[in-house]
Amino acid sequence: MEISSKYNPAEVEDKWYSYWMEHKLFRSKPDEREPYTIVIPPPNVTGILHMGHMLNNTIQDILIRRARMEGKNACWVPGTDHASIATEAKVVAKLAAEGIKKSDLTREEFLSHAWEWTHKHGGMILEQLKKLGASCDWDRTCFTMDEKRSESVINVFVDLYNKGLVYRGVRMVNWDPQALTALSDEEVVHKEVNGKLYYLRYKIEGEETYAVVATTRPETIMGDTAMCIHPDNPKTAHLKGKKVIVPLIGRVIPVIEDEYVDMEFGTGCLKVTPAHDVNDYVLGEKYNLPSIDIFNDNGTLNENGAMYAGKDRFEVRKLIEKDLENAGLIEKTEPYTNKVGFSERTNVAIEPKLSMQWFLKMEDIAKPALDAVENDTIKFHPVKYKNTYRHWMENIKDWCISRQLWWGHQIPAYYLPKGGVVVAVTKEEAYQKALQTVDYPLTIDDLRQDEDCLDTWFSSWLWPISVFDGINQPDNPDISYYYPTNDLVTGPDIIFFWVARMIMAGYEYRQSLCFSNVYFTGIVRDIQGRKMSKQLGNSPDPIELMARHGADGVRMGMLLASSAGNDLLFDESLCEQGRNFNNKIWNAFRLVKGWEVNDTNEQPETAKIAINWFGNVLSKTIVELDDLFSKYRLSEALMMVYKLFWDEFSSWYLELVKPAYRQPIDRATYQATLAFFDSLLRLLHPFMPFITEELWQALNERKPGESITIAQQPKANRVDEKLIADFEITKQIIAGIRTIRLQKNIPNKDELTLQVIGNHDSRFDTAVAKMANLSSIENLSEKPAVTIGFLVGTTEFIVPMSDKMDVEAELKKMKAEREYYAGFLQSVMKKLGNERFVQNAKPEIVENERKKQADAESKIALLEESIKALEQ
């Protein structure tokens with residue numbers, strides 16, 4: 001196989017992805033092997049690849065490829081989410097651009113447009129993931145609104161309703177006035193907003209005095225049904241048992257007492273608006289207060305808004321301030337910063353609103369899911385997210401699962417003409433149920449299905465089960481083999497939306513965990529630490545990035561900056577580093593494959609040393625990699641393989657075994673080098689799948705269908721730690737000689753002599769001689785006159801310099817160096833002479849200072865010897 005002079009990622013990537021697909025190397029079916037399963041966090045069906053997807057899916061691909069190479073039956077299930085709010089908003093916008101209003105369409109007409117949009121734009125992101133190298137079993141691709149997943153969702157709703165866990169009721173919900181739907185608490189983002197605190201005067205009935213209330217929302221006073229004070233607050237005691245008049249509209253409301261009121265905030269008087277504040281709603285329930293809804297669904301005021309009816313809530317805020325001022329009913333205003341809830345999807349301020357919705361009781365189904373994480377049956381990486389999870393689960397509220405949308409799974413609840421509701425999988429089943437409960441004539445057409453659809457997360461919480469059709473067919477071969485899945489890779493921002501709920505669904509429907517480990521990625525930020533977004537324009541296009549640096553370069557660049565749970569400060573230079581590493585691997589391969597082999601050549605001693613040493617280093621790295629993977633420290637694992645290839649293999653091993661210029665290499669060394677290269681490619685493959693496949697195929701003759709993707713990860717042999725440690729000393733000796741060459745401008749082609757005073761292991765002398773270009777290595781008992789040297793441990797190494805040295809310049813330099821070390825030693829001795837430091841510092845810190853002392857003293861002694869020798 002011809003290897004081109006330069007690595008061309010585009011050519012290589014397309015070729016090998018097609019090869020993997022053609023030979024179905026990612027396909028998985030149940031067999032006798034140990035399964036390893038990951039389900040993809042399904043991206044929005046109409047979405048496109050962004051940097052968060054790149055990070056998340058790179059990590060998943062690393063885990064799945066490594067498992068496949070460990071001989072496991074690796075199954076990575078891909079799929080997309082129908083994303084009710086986001087997709088419906090896009091379809092509504094598209095129709096509006098064509099002059100069509102959603103309200104002018106029937107549900108069926110609107111859904112035909114939504115499906116057309118989904119078929120046109122859907123799945124694009126999955127095609128983009130192939131560019132990244134994602135090794136999913138594409139034959140298993142699922143969609144949260146495909147037939148099996150839809151059937152699963154409806155079956156679960158009906159089952160939970162029959163168990164008494166799903167109920168319908170009027171509750172305070174988060175209302176999105178733009179999307180015109182309820183939202184769960186997790187879909188609300190709280191942001192700090194600079195506004196005003198308005199001090200409003202409420203006239204006390206029968207008196208000429210006023211009670212003053214501080215509020216950030218004067219537009220809601222039309223919904224006030226009480227004023228509340230703290231029973232123990234002396235400042236407001238005069239209001240007990242009285243009534244006050246709501247400004248502008250003249251409604252008389254009672255003053256109630258409750259310890260909920262914060263005596264320190266504002267004036268100590270609280271306006272109570274049960275229809276538009278969660279806490280006020282609780283007070284309303286407690287004191288049986290009327291609830292007056294003043295808002296239309298779109299955020300304008302309704303007929304209860306009196307003279308402001310039909311106007312937008314924020315416009316009314318400005319108008320009412322002027323009107324209150326003109327009426328002398330504002331005491332003052334002051335700047336005020338408070339947290340306001342915004343819709344995650346539409347970014348508009350949400351309205352707390354009383355609404356008839358469907359809810360799922362969470363308390364009972366949350367308990368096993370909380371216990372599973374608490375006792376580490378399901379492990380979080382990093383573990384810090386256990387606290388976040390625990391806090392939410394211990395304070396869990398019932399889940400509002402209905403959405404006022406058409407795109408999604410329509411709720412299978414059917415209303416009867418004379419009141420009542422029947423819940424069933426199909427309208428036909430609902431009709432049969434209804435016939436058993438009503439005592440009046442009823443046709444199937446008399447049943448009216450609930451208009452709402454289910455929250456998107458109500459389908460994705462079943463994902464690890466539903467992708468294997470485990471709801472509809474709980475004993476099918478796939479769910480029995482692949483479930484529970486192994487690892488989930490996701491962002492911490494959906495720990496409540498998705499992770500917690502999947503765990504709950506697992507225990508509710510499979511009575512077991514749904515995955516064993518959750519790896520939380522960080523958020524991808526720009527180099528300034530800002531979250532990447534279209535609005536800021538700071539998010540690079542992943543496809544363009546891969547075109548510039550290759551998929552392997554981008555994968556590596558992202559991973560180098562990302563450890564579990566920590567935000568990634570993305571800089572394109574990291575991808576350049578990844579691309580440069582690709583080039584390093586490519587050039588090393590071309591070097592090795594360019595050697596001519598001579599079968600009659602004997603293997604040099606240097607090569608034997610190098611093979612023995614590198615074989616041990618490789619085995620040690622494999623053991624350490626296994627440990628890092630077991631702890632999900634993937635960035636560190638990549639860095640370890642990077643250093644193994646760049647430093648140990650390229651800078652040391654290849655230099656040690658490389659034949660002289662235009663000379664052949666012996667067969668044994670060549671075969672050993674190819675074997676090492678093979679192992680390195682297999683270690684690198686999960687991180688960098690494309691270049692490793694290209695070079696692995698070129699390493700030896702391969703049959704059609706052979707691939708590094710299904711080659712086994714290399715196994716570690718017994719590690720000789722002493723050999724590795726001894727060779728590190730050899731590397732220090734070589735580095736010392738190279739430093740002398742650099743300092744004295746001695747060309748590498750000039751041979752030097754090395755003299756040794758002290759204990760020296762001569763086993764690796766041939767390696768030292770080759771790497772440092774030495775003519776000889778001699779043992780001495782006394783130091784010669786004109787020399788330059790260095791210490792490794794307590795052994796002194798000397799390079800004779802009688803014909804290569806400017807004695808005066810060298811003396812000057814040595815004396816300056818001696819002065820520096822004397823000053824350094826003095827500072828160390830000052831620390832060690834301080835009794836408080838020695839007694840209170842950690843033992844390892846004191847030991848480190850003593851080591852510094854010994855090193856400095858050794859260097860000073862060596863310099864003084866050298867100075868004395870030169871001065872004679």
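**Helix packing and a small sheet**

Let me start with T730, which sits in helix α23, residues 721-744. A word on the source: this is a predicted model. Is T730 buried or exposed? T730 is buried, because its relative accessible area is 4% and the cut-off for buried is under 20%. What does T730 touch, once neighbours within four places in sequence are set aside? The contacts are F764 and V768.

Next, α24, residues 765-772. Helix α24 packs with helix α19, residues 605-630. The angle is about 105°, and the axes are 8 Å apart. That falls in the range of 65 to 115 degrees, so α19 and α24 are roughly perpendicular to each other. On the α19 side we have E605, T606 and I609. They meet T766, A767 and K770 of α24. By class, that contact has two nonpolar, two polar and two charged residues.

Now a second helix pair. Helix α3 covers residues 84-97, and helix α4 covers residues 107-121. Their axes come within 10 Å. They cross at roughly 105°. So α3 and α4, too, are roughly perpendicular to each other. Who makes the contact? From α3: T87, E88, K90, V91, V92, K94 and L95. From α4: F110, H113, A114, E116, W117 and T118. Sorted by class, six of these residues are nonpolar, three polar and four charged.

On to α22, residues 689-699. How many of its residues are buried? The count is 11 of the 11, so α22 is largely enclosed by the rest of the structure. The buried residues include charged-class E693 and E694, along with F690, I691 and W696. What do the buried residues of α22 pack against? Towards the start of the numbering, α1 (9-22), α2 (51-69) and α5 (124-132). Further along, α17 (551-560), α18 (572-593) and α21 (667-684).

Last, the sheet. It is open, with three strands in the order β19-β18-β20. The pairing is antiparallel. Which strands are at the edges? Those are β19 (421-423) and β20 (448-449), each pairing on one side only. Strand β18, residues 413-415, pairs with β20 over two bridges, in the antiparallel sense. Here Y415 stands opposite R448 of β20. A helix joins the picture as well. Helix α11, residues 427-435, lies across β18 and β19. Relative to β19, α11 runs at about 130°.

To recap: T730 is buried in this model, α22 is largely enclosed, and β18 is flanked by β19 and β20 in the strand order.

Conventions:
Residues are numbered from 1 along each chain as its sequence is written. This is a predicted model: local features need pLDDT of at least 70, side-chain atom pairs count only at pLDDT 80 or more; totals for chains, interfaces and linings use all residues. Side-chain values use heavy atoms; hydrogens and water are left out. Axes are lines fitted to C-alpha atoms, for helices over the stretch in contact, and angles run from 0 to 180 degrees between N-to-C directions. Helices (H or I, at least four residues) and strands (E, at least two) are DSSP runs, numbered from the N terminus. Angles under 35 degrees count as roughly parallel, over 145 as roughly antiparallel, 65 to 115 as roughly perpendicular and the rest as oblique. Contact means heavy atoms within 4.5 Å. Buried means under 20% relative accessible area, exposed over 50%, partly exposed in between (1.4 Å probe, protein chains only). Two strands pair if DSSP finds at least two bridges between them.
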